[in-house]
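Biologist: I'm new to this one, so could you walk me through it? Let's put the model on screen and start there.

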Amino acid sequence: MMLKRCLPHPLLSLALLVVWVLLVNEISAGAVVFGAILAIAIPLISSNFWPARPKVGNAYAICEYGLIVLWDILVANVVVAGLILFRKTESLESKSVVVPLDLTSPEAITTLAGTITMTPGTVTIDLSADAKSLLVHCLHAPDPQGVVDDIKTRYEGRLKEIFE
Amino acid sequence: MGHWIVVPILLPAVMAALIVLAVRHDIVLQRIFSITATVALVAVTLSLVIFANNNNPEMYALGDWPAPFGIVIVLDRLSAMMIFLTSILGLGVILFASSEWDKRGQHFHALFQFQLMGVNGAFLTGDVFNLFVFFEVLLIASYGLMLHGAGAERLKAGMQYIVINLTGSSLFLVGVGMIYAVTGTLNMADLAVQVPLVAAGDAALLRAGALILLLVFCVKAALVPVHFWLPGTYANAPAPVAALFAIMTKVGAYSILRVYSLGFGENAGDMAWLAQPYILPAAIVTLAIGMIGVLAAKRLNGLIAFSVIGSMGTLLISIALFTPESISAGLYYLLHSTFAGAALFLIGDLVASRRGQYGDHLNTAPVFHQSGLLAVLFFIAAIAMAGMPPLSGFIGKLLILDAARDSAFGVWIWAVILVTSLMGIVGFGRAGSVLFWKSASAEGVIEVEGANWPVLPIIAACGMLGALVVLTVFAAPITDYLQGTAAQLFDTTDYIRAVLGEIPATQPGQ
Amino acid sequence: MSLTLIVLLPFLGAVLPAVMIRAGRNACATATGSVTLLALILLIAKAPAVIGGEVFQVRYDWLTDLGLNVTFFLDGLGLLFATLILGIGLLIIIYARFYLSKDDPMGRFYVFLLLFQGAMVGIVLSDNILLLLIFWELTSLSSFLLIGYWKHLPEGRQGARMALTVTGAGGLAMIAGMLILGNIVGSYDLTVILQNADLIQASPLYVPALVLILLGCFTKSAQFPFHFWLPHAMAAPTPVSAYLHSATMVKAGIFLMARMWPVLSGTEEWFYIVASAGLVTMVLGAWIAIFKHDLKGLLAYSTVSHLGLVTMLFGFGTPMAAVAGVFHIINHATFKAALFMTAGIIDHETGTRDIRRLGGLLNLMPIAGTIGIISAASMAGIIPLNGFLSKEMMLEEAWHTVWFDQNWLVPLLATIGAVFSVAYSLRFIFHVWFGKTRDELPHHPHDPPFGMWAPPAFLTILVVLIGLFPAAIAGPLVAATANAVTGGNLPEYYLALWHGLTSALGMSVIALIAGALILLRHGGLMSVTSNLSRPDAKAMFDCLIVKVVALSRVISDNLQNGSLQRYLAIMIFAAIAIGLSGFYAEPDHTAGTRELLAVSPPAAIGWVLLVGTCIAAVAMHHNRLLTLLLVGVIGLIVSLGFIYLSAPDLALTQISVEVVTVILMLLALNILPKETPKESQPGRKFRDWVISIAAGLGMGGAVWAIMTRELPNSISAFHLANSKTEGGGTNVVNVILVDFRGFDTFGEIIVLGIAALSIFALIETVTQGEAAKRLASWVVDNRRSADRHPMMMVIATRVMLPLSLLVGVYIFLRGHNEPGGGFIAGLVVSVALVMQYMASGFGWTQNRMKANYHGMIGLGVIAAAITGLSAWVAGLPFLTSGFVHVHLPIVGEFELASAMGFDLGVFLTVVGAVTLALAKLSQVERMAEHVDINPEPMDHDPSAATAKVATAEKEA
Amino acid sequence: MPFIAEIVISVLIVIGGIFLLVGSFGMIKLRELLPRLHAPTKATTVGVGAILIASMLFFWIERGHFTIHELLITLFLFLTAPITANLIAKAYLLRHVDPHKDLPESGRDEGWATFDPVGPDGYDPSEEYKPDEK
Amino acid sequence: MEFLVASSIGLLTMCGTYMLLRGRTFPVVIGLAMLSYAVNVFLFAMGRLTIDMPPILRDGVTEYTDPLPQALVLTAIVISFGMTALIVVLSIRAYLEIGNDHVDGRPEGAPSEAGDKN
Amino acid sequence: MIEYALNFGFICVAVALLMNLWRLAKGPTIADRVLAVDTMAINAIALLVLYGISRATSMYFEGALLFAMFGFVSTVAYCKFVLRGDIIE
Ligand code: NA
Ligand code: NA
């Protein structure tokens with residue numbers, strides 16, 4: 001109980017500790033101790049702004065998801081750069097597609113939407129008012145349904161695992 | 001005098017912060033805090049004046065850094081007198097405002113104390129850039145106070161006031177920057193040492209910078225042609241604020257006196273008395289424009305505001321002559337015009353608030369309550385402002401006329417001062433006659449809610465007039481002090497020695 | 001001592017009537033009278049000694065350096081005038097008790113009267129010309145109050161203002177004259193000045209001094225061409241006229257000419273100015289008096305004329321003429337005061353002062369009639385009354401006077417003056433007291449109460465007695481006075497009724513006969529003169545004042561036209577002009593020799609970007625949102641520039657300030673119009689461009705000149721050298737901010753705090769008046785998204801808050817050694833908080849905010865102050881810093897500096913000020929948009945819906 | 001410093017530069033906002049990313065001290081860029097896109113959040129859409 | 001490099017001044033902002049220009065740029081930020097009270113109120 | 001060699017910035033302009049990092065970090081303004 005009061009968001013505290021170490025740019029005892037103090041203090045100070053404790057799944061899933069996204073970013077970047085540089089703009093088949101969602105946690109939806117945007121070629125441009133589907137704009141999507149399926153299988157499934 | 005030198009700056013600053021922190025919801029406590037602090041300030045500044053009268057200038061090095069590297073504040077006869085003047089004026093103003101005005105908006109007392117802090121800081125500092133900072137403190141506090149209670153006319157005037165002063169602040173930085181770029185220092189005493197040593201090739205830049213700085217001070221001092229902000233601002237500011245602003249123009253005058261007698265005074269070589277050829281003609285025109293405005297005024301506040309411009313013209317004429325006699329005469333007039341202007345604004349407000357819908361418009365209106373008493377007060381304040389005997393205005397003008405006798409501009413100065421005095425007499429005579437006499441020919445009596453006997457405001461107004469009486473009766477000891485002050489301004493060695501220790505040899509130091 | 005008391009008594013006593021009026025009118029008058037009586041007794045006690053040639057003197061130092069001291073002296077001249085002032089004053093006080101009606105505020109009257117009396121006594125007893133000036137102007141002021149006493153009468157107000165203006169102007173001229181005089185002599189003491197006639201008359205400044213002083217005298221004594229104000233001052237109550245305009249104030253100018261006679265007279269200039277003015281005034285005043293229908297008007301012009309007579313006598317510059325002048329002063333005071341009081345009685349009893357409506361009053365009011373007739377006869381110069389005596393002396397002196405080489409001119413004009421004088425005096429006698437009794441008068445007249453006729457009666461007795469026994473009654477006084485006036489050169493003379501058949505007697509007889517003839521033909525003359533268009537002095541004066549005021553308004557309104565654009569243009573122009581004038585005042589404009597930095601490609605690109613952005617910002621400034629974006633870009637480029645040019649702290653600060661400014665401006669722009677109208681005329685644009693280009697060239701030129709020169713030895717070398725060792729930090733800029741120049745920073749955070757408090761105060765009043773109405777009727781002017789709190793943004797900012805706080809702490813802690821510090825940290829944290837407001841809405845965020853922004857501002861300032869004050873404990877000045885290196889296990893060594901406490905104050909103030917200002921400003925927005933505060937962080941929380949379903953399922 | 005490291009760092013810098021350029025070039029070349037929105041993501045991800053890695057390598061290999069704070073910038077950008085893109089898109093949709101004609105149905109009861117508030121005062125389909133050029 | 005900075009300051013001053021002389025509050029505020037950029041850089045340049053010599057003390061480094069103008073500019077930036085905030089709020093406040101955003105509180109061409117004001 | 005790469009990088013960033021300015025001035029929609037400014041901030045970050053490499057100092061890192069943070073905040077503010085008018089509601 002005591003622990004819960006002192007560490008309302010353990011994962012956040014961990015993240016903060018990491019960020020602190022990144023900030024001071026050195027991995028030393030002093031940095032870690034001070035970082036730990038801050039990592040406990042700041043969530044306490046700002047706990048008002050974190051009304052609920054979001055559920056976050058296992059570390060393995062997170063790592064896997066991160067690596068997949070990174071790879072996708074790299075590949076898609078090259079593809080899209082090619083589109084921009086070498087395709088005539090008229091020949092681009094830009095369109096908006098709808099991605100219906102199974103996710104319900106706002107954190108998960110936001111992560112998915114963010115992933116979609118960060119992987120080049122697709123941008124999340126809106127949510128439905130009840131947050132049950134995403135509106136995604138594709139730069140060049142001859143096969144819109146393929147994009148939707150890709151998103152749902154590659155990202156949404158894994159996020160569901162992590163967040164819910 | 002040790003730490004006491006910094007108290008006139010710290011006391012109001014801490015008091016303002018305390019008011020914001022602890023008592024911002026309780027107007028009565030705010031008043032108690034504010035008035036107590038101001039009374040204490042009067043006591044402190046009075047003892048500083050006594051000290052300055054008996055001692056050489058004394059420096060207080062903030063942060064214990066040696067001059068010219070850190071910031072210093074300096075207590076000499078001039079700065080002591082100015083902070084004492086500020087605190088007395090402040091006491092009158094805060095008493096006046098504590099009856100009702102302070103409730104018309106938020107944070108009056110905090111802003112007021114900050115304002116005192118800024119003004120005192122500007123008077124005490126011995127550093128050009130720190131002067132900028134205190135200018136900004138006093139300006140932004142004055143913006144807040146000026147807009148206190150809002151209202152369309154006030155907001156319009158406030159906009160002009162603020163924009164002009166912001167432009168002025170930009171110019172201040174340009175001026176200070178150029179001076180630093182050429183001399184490598186910000187300390188005023190050090191500046192006095194460095195200016196004569198500036199290389200010939202850099203002199204043009206130094207002169208240009210110093211003159212741009214002069215223009216900024218002239219804006220504050222409401223000198224033609226940069227006086228335009230004053231009438232609207234003073235006429236539309238809340239009365240106690242307008243009264244407090246009587247010291248604001250003096251900050252400009254003070255800065256001119258300080259910087260251009262210390263840094264660009266007698267010992268400045270080629271730059272000696274740099275300011276004189278610019279401000280003397282401008283001051284003469286200012287006096288004329290001010291009194292033309294007095295004649296033209298259709299509202300009492302406008303009339304008072306223009307009379308303030310006129311008084312600044314008179315004051316700067318005597319400062320611009322830059323002789324010991326003219327400066328002591330000018331300082332006497334400075335003391336006088338501060339109290340006279342403040343008294344007029346306070347009394348004007350008492351009149352206007354009793355005239356209901358007629359306000360301060362100079363038109364015929366029915367009789368109002370307490371018009372007899374207010375007529376007496378107004379009459380006294382008006383003759384003081386117009387420079388009629390027996391009050392200090394007359395003595396001040398005599399001193400200035402006497403000091404201007406040998407100037408190349410002497411005839412002009414005499415002519416303008418005397419002719420404008422007549423304009424002042426006519427203007428104030430018309431105004432008083434309309435406000436207090438003509439009302440007898442209108443039907444009825446104006447009833448204004450809550451216009452009973454306002455004890456504090458009347459005390460405050462009488463206090464300002466009382467200060468004029470004191471200036472008159474004790475003219476001799478006061479002018480003695482002022483002559484000492486002028487002498488100190490002319491012989492800068494004491495000041496420089498106080499700040500820099502021994503006066504450095506002719507080699508550029510550090 | 002008692003001399004001082006004589007002057008002070010009326011001033012001190014002026015309090016009495018104001019107090020005593022509560023005890024009734026008699027008590028009030030008695031108190032006032034007692035004051036004057038006491039002063040008079042003190043004076044008369046000294047009279048024998050003064051007449052015996054003694055001079056009393058008393059001196060108190062006041063402003064010795066200027067030469068202004070409180071010094072009084074009493075000689076014959078002073079004695080005469082003081083006696084007149086106090087004696088007639090006493091009579092007037094008695095008279096006024098009965099004259100003033102119940103509705104008149106008597107207390108006020110007596111206060112003014114005593115003030116005036118004191119000022120007059122002050123003039124005649126001053127031994128210091130500056131002190132004299134003070135009393136001189138005081139008479140102008142107090143007479144202003146007395147003339148305007150009946151404030152409901154427009155004539156009274158106008159008359160008062162005119163008197164004040166004219167005499168005030170003269171007084172100002174006199175100030176100049178007196179200062180010159182004092183400088184010639186080297187002293188402002190009269191007794192000294194009076195002994196330096198030669199010095200004065202030899203001075204090149206003699207003529208200016210003379211002219212200026214005479215301007216004062218002539219205006220005060222209503223000499224041509226300044227005579228016009230006096231008749232209009234007659235709107236005052238009659239006691240005032242009788243006092244001021246017969247015996248005292250108008251005599252002040254005469255007094256001063258008499259006083260200065262020994263040093264100023266005797267020159268050509270004196271003769272031609274003074275004698276001519278007197279002569280013209282005498283004749284002109286008398287001529288006009290003949291045709292005045294108003295009794296007081298007639299007496300007023302008669303006064304003008306008699307004052308001219310005295311002036312002329314002094315102007316002759318001979319001792320004998322001076323004696324005559326002195327004697328006439330006494331005589332005129334007696335009969336004229338009596339006549340004014342009589343006129344007052346007539347007015348009081350009949351309700352009119354119009355001679356045409358009066359007649360045969362002698363039967364109805366025999367006492368008043370007797371007084372009036374005798375006094376008027378004296379005024380006409382009829383034997384054996386005192387007026388005859390002095391007029392004879394005047395004519396005798398005139399007979400000997402050569403004017404512009406003509407020996408007949410002055411005698412002729414003097415006689416003509418005497419003729420007119422007889423004419424109006426006789427008119428006063430015959431048209432008022434004799435002839436047909438009128439029935440249509442407003443009141444039925446009869447003799448007034450004793451108290452009202454006794455004062456003039458007393459004076460009339462003097463008129464007769466002096467006439468009969470001049471040497472016995474007036475002789476000693478005249479001698480003493482004349483001795484003072486002539487500076488001891490008293491000629492041989494004797495005062496007597498009969499001097500034999502002299503030329504003067506002949507002129508007198510001619511005057512009597514001709515005067516009577518004129519009166520007989522009065523009706524005819526009247527119709528002739530009324531057809532002549534005479535210049536109306538009052539109309540001219542009024543017209544002059546109106547024109548001056550109108551001109552002032554034209555000048556003032558055209559200069560002060562309310563246009564900020566003009567004021568700014570003038571100010572900027574002035575800045576350019578004064579800067580250039582300074583620059584070109586120095587001869588040396590050699591170019592700098594500093595080696596210039598090479599232009600790198602990024603710098604060049606940055607420059608191109610900046611130029612492009614600036615041009616775009618100005619070109620498209622009508623689109624405000626776009627302008628804002630462009631200015632933001634300028635900020636970005638400037639920050640990059642700072643980094644490039646070795647100023648990382650500046651860059652961090654600039655970029656942080658930038659974003660807060662953007663938020664602020666966007667909040668503003670939602671309320672303000674989104675477009676700036678195109679309203680500038682081409683001419684205006686041209687003017688503005690000229691000024692702007694000049695300003696740009698000036699600034700650019702100045703900075704170019706500076707950057708191409710070597711930096712002089714700067715105080716900053718000390719900062720670099722001592723930052724680490726003495727200040728305990730390696731970031732020199734930060735050490736300067738919190739230590740070397742911490743006082744600047746202390747002021748700077750106060751500026752921020754004040755800004756926030758002012759903003760708060762300014763918005764608090766938005767709920768009142770016009771602003772509240774406008775907000776209530778606000779119409780949202782463009783399309784609004786339905787999504788108030790986009791979910792993605794809410795989630796992202798929630799993650800960013802702790803991160804930003806961490807960054808804030810980081811920036812704060814490292815500031816002393818690396819770029820950063822309390823200010824930037826404060827902005828980072830504020831922005832993080834503001835981001836919560838932006839994403840999750842005001843309601844949600846405010847509910848979660850524990851901090852009080854007001855308190856933070858106060859706390860910040862106090863924290864900074866306390867850190868600074870803690871040095872006092874060690875006996876060191878405010879803001880003296882200290883630092884220690886602390887070694888802790890695991891953590892290692894780190895530094896604790898007191899400057900951090902100061903920086904914490906900075907931090908708190910910044911956070912408090914920024915958040916207070918922005919949160920308060922957003923209140924206006926909510927009022928305008930008419931939307932309720934949404935307490936929820938998101939419009940729709942999908943997990944909440946799921947949770948609800950889950951709970952529902954569980955319950956089921 | 002090993003030559004290979006130098007090559008790697010240089011290549012990373014060049015790649016970063018190219019992608020930054022491509023991102024901004026795309027913004028010039030593409031014709032409407034929504035396609036343009038895709039371009040800067042290159043700059044944010046690979047462009048800045050490659051340069052940050054180059055920086056880490058540079059300080060690590062060349063200067064010998066291990067720096068990791070570059071990761072923080074990447075973290076920040078990854079966190080913020082999608083939000084920025086989303087909001088810019090929403091701003092565009094609101095002003096220039098007809099939700100009935102130009103956007104697919106959301107497939108839910110409620111429409112797209114930019115246009116359709118949750119709850120009873122939802123979007124009125126009878127109201128005609130007017131593009132707003134402000 | 002010096003020329004680039006000098007011309008930038010000149011340009012910013014020119015544009016700022018022009019905007020300052022407009023008749024509406026918003027451009028005036030923008031003008032003031034541009035002017036304060038110009039002035040800040042001006043003040044900064046008083047310490048002369050240097051590249052890569054930030055005044056952060058490092059062992060073995062002896063050449064630093066002049067730190068004092070930087071400190072002054074920092075103070076100036078903060079102060080002008082406070083001032084800008086106030087004038088921005090004032091312009092809203094005045095607009096709400098008066099009904100237009102002209103700097104003189106009246107639209108161009110409207111009769112002068114100077115006479116009444118005084 | 002790194003130097004050449006850096007120069008190439010600088011030029012790329014510079015040209016990118018100019019392209020951003022072009023888009024900013026051209027618009028046509030406010031969304032385009034905001035996007036342009038946002039991209040400028042990204043490019044500025046890259047510029048700072050490149051400059052840090054070229055000067056071999058990490059002194060400019062905080063600058064880059066704050067550019068990232070504040071660039072985001074101002075973009076959000078602009079968008080919120082377009083979307084809702086009132087950015088704090
Ligand atoms: Na994407
Ligand atoms: Na600071």
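Modeller: Happy to. E:Asp101 pairs with E:Arg24 in a salt bridge, their closest N and O atoms being 2.7 Å apart. The term covers a side-chain nitrogen of Lys or Arg within 4 Å of a carboxyl oxygen of Asp or Glu. Bear in mind that this is a predicted model, where local features need pLDDT of at least 70, side-chain atom pairs count only at pLDDT 80 or more, and totals for chains, interfaces and linings use all residues. Residues are numbered from 1 along each chain as its sequence is written, chains are lettered from A and ligands numbered from 1 in the order in which they are written, and side-chain values use heavy atoms, with hydrogens and water left out.

Biologist: How many residues apart in sequence are the parts that E:Asp101 and E:Arg24 tie together?

Modeller: E:Asp101 sits in the loop between α3 (67–98) and α4 (114–117) of chain E. Helices here are DSSP runs of H or I with at least four residues, strands are runs of E with at least two, and both are numbered from the N terminus. E:Arg24 is in the loop between α1 (2–20) and α2 (25–45) of chain E, so the parts tied together are 77 residues apart in sequence.

Biologist: Is E:Asp101 buried or exposed?

Modeller: Buried means under 20% relative accessible area, exposed means over 50%, and partly exposed is in between, using a 1.4 Å probe and protein chains only. E:Asp101 has a relative accessible area of 3%, and its partner E:Arg24, at 10%, counts as buried. So for E:Asp101 the word is buried.

Biologist: Which residues do salt bridges with shared partners join into one network?

Modeller: A search of the whole structure finds 44 salt bridges over all chains. Where salt bridges share partners, they join up into one network of C:Arg624, C:Glu679, E:Arg24 and E:Asp101.

Biologist: Which residue forms a salt bridge with C:Asp189?

Modeller: C:Asp189 is buried, with a relative accessible area of 14%. The closest N and O atoms of the pair are 3.2 Å apart. Partnering C:Asp189 is C:Arg59.

Biologist: And which residue does A:Arg158 pair with in a salt bridge?

Modeller: A:Arg158 is partly exposed, with a relative accessible area of 23%. The closest N and O atoms in its salt bridge are 3.1 Å apart, and the partner is A:Glu64.

Biologist: Which residues coordinate the sodium ion (ligand 1)?

Modeller: Donors are N, O and S atoms within 2.8 Å of the metal, or 3.2 Å for Na, K and Ca; water is not among the atoms, so sites may look incomplete. The donors here follow the spacing I-T-x1-T-x2-T along the chain. Of the coordinating residues, A:Ile116 is buried at 0% relative accessible area, and A:Thr122 is buried at 13%. At 1.9 to 3.0 Å, the ion is coordinated through O atoms of A:Ile116, A:Thr117, A:Thr119 and A:Thr122.

Biologist: How many of the 32 residues of α6(B) are buried?

Modeller: Helix α6 of chain B covers residues 152–183 and reaches 46 Å from its first C-alpha to its last. That is close to the expected 46 Å, taken as 1.5 Å times one less than the number of residues. The helix is largely enclosed by the rest of the structure, because its buried residues number 30.

Biologist: What phi does B:Gly184 take?

Modeller: B:Gly184 comes just after α6(B). Its phi is positive, at about 75°.
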